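Open the model in your viewer and keep the selection tool at hand. This tour goes stop by stop, saying what to select and what is there.

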Amino acid sequence: MLRTIDLRGRVLTPAELLAAVPRADAARAEALSTAAEIVADVAARGEDSLREQAERFDGVSGHALRVPAAHLDEALDALEPGIRTALDEAIARVRDASAAQVPAPATTTLGPGAVVHQRWQPVRRVGLYVPGGKAVYPSSVVMNVVPAQVAGVAQVALASPPQREHGGRVHPVILAAAKLLGVDEVYAMGGAGAIGAFAHGVASLGLDPVDVVTGPGNNFVAAAKRAVAGRVGTDSEAGATEILIVADAHADARLVAVDLISQAEHDEQASAVLVTDSEHLAARVLEEIGPRAASTRHSARVTVALSGEQSAIVLVDDVAQATAFSNAYAPEHLELHLADPRPADFVHAGAIFVGPDAPVSLGDYLAGSNHVLPTGGQARYAAGLSAATFLRPQQVIEYDHAALEQVRDAIVTLAEAEALPAHGEAVTARFTA
């Protein structure tokens, strides 16, 4: 089921390590082209385009694209008490962890009368996407909304695909989670079209363009973010999910197997990768994963994901080579099943789960961390969703006359060096009658 990539006995350059990383590159390239077309169509035709997409992709028509307030109220009233309790706990934990992500304002005094203030301003309006194709994700409502609220965003709009089995409504548990968090602007629209609608606005729905779009989804959602980047801000491209497990001979093969399967059940394009220096562990994981994958509820989906080019068991010589491979891969989720984990050595990962009792499922729901994370290697340079995603650093400069005089000559000198004399003249004019 899982193919094997054997890197043992080889000294690989960084470029060779990147080339060895299992990726479904063709699927991502196809998604980018399709998503760009969908976004452009929404920009041009608005609601008509969204309705056509709903019928084509979701099998629904004639539904309310903007969710009526009554639907939100009904969903919360009907929410099972156990689910509400779990959501309340998740909200509290994510709120606490998100609060720690808000930088404190700072003031730097560079001399008498020369002050630079650093402050963090929230964006005005955000569009948050919650997937709803193969599964239901009220947890993603929490992960999107709470950091935005903690950052101080004034306007929060949320979108999730319409569900055929619910008469074209957004799934009621997603609606209930939104209502629980005080979000009342909700749209029944999905995929790349929803991202395009947030970026361009849809006047007939009363949907104004947003400043930032965030949220996880499939490769088409991730690609749509790239298509609207520059028009609006986006978080990292949180596309089809990834798990990379680095394990040695001390690891429990059963736990490794169930964790690989747990992420493979998201989507046929999900990536599940084990990196190990123990051939025996690799064999034991294969023994465990076969019957477990066959018996799980979404076995067909899991089997496709584990058999795809994006999933593999990678054999390495030692933990140092495993670390180098992981850093080249830059996984969305990294689990360390090692006798000596050393998480500080794993510098490229969306989130790191250390030890046998910290599965990715913990982070998906109740760790307090955010589960909207970069995929496709973007963890090398991009961060997961946080309160900081919705904040912009601003510098406020205050210099009095004497402080400006202190740097007058240096400004004039640099302005002349750059052949921009008017820059210098704008300063010297303040010292002449």
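Start with a pair of helices. Select α2 and α9: their crossing is right-handed. This is a predicted model. In it, α2 covers residues 25–45 and α9 covers residues 219–228. The two pack at an angle of about 60 degrees, and their axes are 8 Å apart. α2 and α9 are therefore oblique to each other.

Now show the side chains where they touch. From α2, pick Ala 27, Arg 28, Ala 31, Leu 32, Thr 34, Ala 35, Ala 36 and Val 39. From α9, add Asn 219, Phe 220, Ala 223, Ala 224, Arg 226, Ala 227 and Val 228. Colour the contact of α2 with α9 by class: eleven residues are nonpolar, two are polar and two are charged.

Next stop: the sheet. Select β1, β13, β12, β11, β14 and β15, in that order. These six strands form an open sheet with parallel pairing. Which strands stand at the edges? They are β1 (3–6) and β15 (351–354). Each has a single partner strand, so one side of each is left without a neighbour in the sheet. Turn the view to follow the twist: on average, neighbouring strands of this sheet are turned by 20 degrees against each other, direction ignored.

Zoom in on β11, residues 242–247. Is this strand mostly covered or mostly open? It is mostly covered, with six of its six residues buried. Look along the strand to sort the side chains. Glu 242, Leu 244 and Val 246 point one way from β11. Ile 243, Ile 245 and Ala 247 point the other way. The residues on both sides are buried.

Step sideways to β12, residues 271–276. It runs parallel to β11, and six bridges join the two. Click Glu 242, then find its bridge partner in β12, Ser 271.

Keep going to β13, residues 312–315. Four bridges join β13 to β12, and these two strands also run parallel. Label Leu 274 and look across to β13: Ile 313 stands opposite.

Now bring in a helix. Select α13, residues 319–329. It lies across β11, β12, β13 and β14 (333–337). Against β11, α13 runs at about 170 degrees.

Follow the chain out of α13. In the loop between α13 and β14, select Ala 330. Its phi is positive, about 55 degrees, although it is not a glycine. Is Ala 330 buried or exposed? At 0% relative accessibility, it counts as buried.

Jump to another alanine, Ala 419. It sits in the loop between α15 (401–417) and α16 (421–428). Ala 419 also has a positive phi, about 60 degrees, without being a glycine. Here the side to check is the surface: Ala 419 is exposed, with a relative accessible area of 61%.

Last stop: Asp 208. Find it in the loop between α8 (191–200) and β9 (212–214). Asp 208 is partly exposed, with a relative accessible area of 46%. What does Asp 208 contact, leaving aside its neighbours within four places in sequence? Select Arg 125, Phe 198 and Gly 201 to see. Then draw a line from Asp 208 to Arg 125, C-alpha to C-alpha: the two are 9.0 Å apart in space and 83 residues apart in sequence.

Note on methods:
Residues numbered from 1 in each chain as written. Predicted model: local features only at pLDDT ≥ 70, side-chain atom pairs only at ≥ 80, totals over all residues. Heavy atoms only, no water. Axes fitted to C-alpha atoms, helices over the stretch in contact; angles between N-to-C directions. Parallel < 35°, antiparallel > 145°, perpendicular 65-115°, else oblique. Left-handed = near helix turned anticlockwise from the far one by under 90°. Contact = heavy atoms within 4.5 Å. Nonpolar A, V, L, I, M, F, W, Y, C, P; charged D, E, K, R; others polar. Pairing = 2+ DSSP bridges. Buried < 20%, exposed > 50% of the residue type's maximum accessible area, 1.4 Å probe, protein only.
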